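User: I have a model open and would like to go through it with you. Can we start with the overall picture and then look at some residues?

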Amino acid sequence: MMDDSTMKIDYAPYDDATQTLRQIDKYTPSATRVPSAPLIERPLTLSERTGPTELVSKWNVGKLDLCRLAPDSPRALGQLIHVTGRVTDEDGAPVSSVVMEIWQANASGKYIHELDDHRAPLDPNFTGQGRLVTDEDGRYEVFTVKPGAYPVLYSGWWWRPPHIHFSILGTSWMNRFITQIFFPGEVLNEKDLLLNGVPSRDVRDRLIFKPTDTVMGDLSYIGYQRDFVLRGHRQTPELP
Amino acid sequence: MKQIVSPGCTTGPFFPVDFSDGSEDLSQRNGLAAKGQHIILTGHVLELGGKPARNMVVEIWQADASGIFRHPLDPRQQDCDPGFWCWGRARTDADGVYRFTTIIPGAYEDRAPHINVAILGIGLTRPLVTNIFFDARADVVFECVPAELRSRLLAKPEGDGVYRFDVILRGENETPFFVE
Ligand SMILES: [Fe+3]
């Protein structure tokens, strides 16, 4: 993304029809945290068109396997999965060398986090989080286990379906990206407030993994795939 | 072919604590101290009713003391201060307080010294973005904010290099946010 073409990237406003709603009925924290005033339009200056592309050097970013502590350690409990995909811009051009952060619950639906009060066991062989960097073709891959569902305790009723959290630092302040990706065919998907906080079936499908191959061998696992499209497209050159 | 931008979603409550640790201090990098005026940038993140928003992720992006970003788009990138991370991330504590160690950025072209800030976390399906300014001088983004609200984007000096900037997500004295 450091070639000359990146220098002419334009950022159209998000199309709300393709995005998750800001305010979601029954998702109570959105009622107390989403601003009531309309967001203010501003010109995009160098400050917004730049962003933290330097972070690969800040963190120890390498191959990512969330389900064992070291290459010869025992694997975490749960169903081994291999998640792959590609990060592109709106032109389909690869977004390479950007940092992706991944975190998820273990197979029993428990996060390694001081605020997780769910009474489910931690797994000593599961790290649950990590960073990777996209390759020159914008691709990423991670071995992990399929996360368990977990209850949203404050809600009194809501169970989150299995999902993996993704954060992509992007190439500029304008395409910082955070999402959650769900698994196909889960009963809990039907009632999840966040997954259903998107206006259309088409959009929801882009928050769900595609199953790919099952692999049999030294390592047997189920493949899932999810591509991400970050905002930004090359400006059309002006006609002479 | 034009691709459709992926839908984002909230970080939820369990954004790993480790992902914020070590990024609150932008003022030293590769064993070098940043040039410029070192400051503590701190404040509360509050939700409706003035209640603290705990466990929110606060990210900042700013130029160095000379107004240079470490990014290929900045024509002066090579001169960016090697002792300064232009990026930082902090997490709000049980009182809703975040805290960065950074520097006052330099002005450049049409921009007064300012810090980009993004708030992520439970309740927010998309990041909330705004700018922190240090004074009310002319700035193309500052001037997009209705005049009566501009003071809400000013960091308040508290002495000893401490600057306070409270983020009020919703309600009375709500912080002006920009289209992201
Ligand atoms: Fe989650």
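Analyst: Below we go through the chains and then a few contacts; keep in mind that this is a predicted model.

User: OK, how many helices and strands in chain A?

Analyst: Chain A has three helices and 13 strands.

User: And chain B?

Analyst: Chain B has zero helices and 12 strands.

User: What about the radius of gyration of chain A, and what would a compact globule have?

Analyst: Chain A has a radius of gyration of 19 Å, which agrees with the value near 18 Å for a compact globule of 240 residues. Its C-alpha atoms fill a box of roughly 60 × 45 × 30 Å along the principal axes.

User: Which numbers go with chain B there?

Analyst: For chain B the radius of gyration is 16 Å, in agreement with the value near 16 Å for a compact globule of 180 residues. The box for the C-alpha atoms of chain B is roughly 40 × 40 × 40 Å.

User: How much of each chain is buried?

Analyst: In chain A, 55% of the 240 residues count as buried. In chain B, buried residues make up 59% of the 180.

User: What about charges in chain A?

Analyst: Chain A carries 26 positive and 32 negative side chains, and the centres of the two sets are 4 Å apart. Chain B has 18 positive and 24 negative side chains, with the centres 3 Å apart.

User: Switching to residues. Where is A:T45?

Analyst: A:T45 sits in the loop between α1 (28–33) and α2 (46–49) of chain A.

User: Buried or exposed?

Analyst: A:T45 is buried, because its relative accessible area is 7%, and the cut-off for buried is under 20%.

User: Which residues does A:T45 contact, neighbours within four places aside?

Analyst: A:T45 is in contact with B:Y108, B:D110, B:R111, B:V140 and B:V141. With B:R111 there is also a polar contact of 2.9 Å between the two side chains.

User: Now B:K2. Where does that one lie?

Analyst: B:K2 lies in the segment before β1 (28–29) of chain B. From B:K2 to B:N55 is 53 residues in sequence and 37 Å in space, C-alpha to C-alpha.

User: What is B:K2 in contact with?

Analyst: Leaving aside neighbours within four places in sequence, B:K2 is in contact with A:E90 and A:H233. The side chain of B:K2 makes a polar contact of 2.4 Å with the side chain of A:E90.

Notes. Residues numbered from 1 in each chain as written. Chains lettered and ligands numbered in written order. Predicted model: local features only at pLDDT ≥ 70, side-chain atom pairs only at ≥ 80, totals over all residues. Heavy atoms only, no water. Helix = DSSP H or I, 4+ residues; strand = E, 2+ residues; numbered from the N terminus. Rg over C-alpha atoms; globule rule 2.2 N^0.38 Å. Buried < 20%, exposed > 50% of the residue type's maximum accessible area, 1.4 Å probe, protein only. Lys, Arg positive; Asp, Glu negative; His and termini not counted. Charge placed at Lys NZ, Arg CZ, Asp CG, Glu CD. Contact = heavy atoms within 4.5 Å. Polar contact = N/O pair within 3.5 Å; in protein donor to acceptor, adjacent residues only side chain to side chain.
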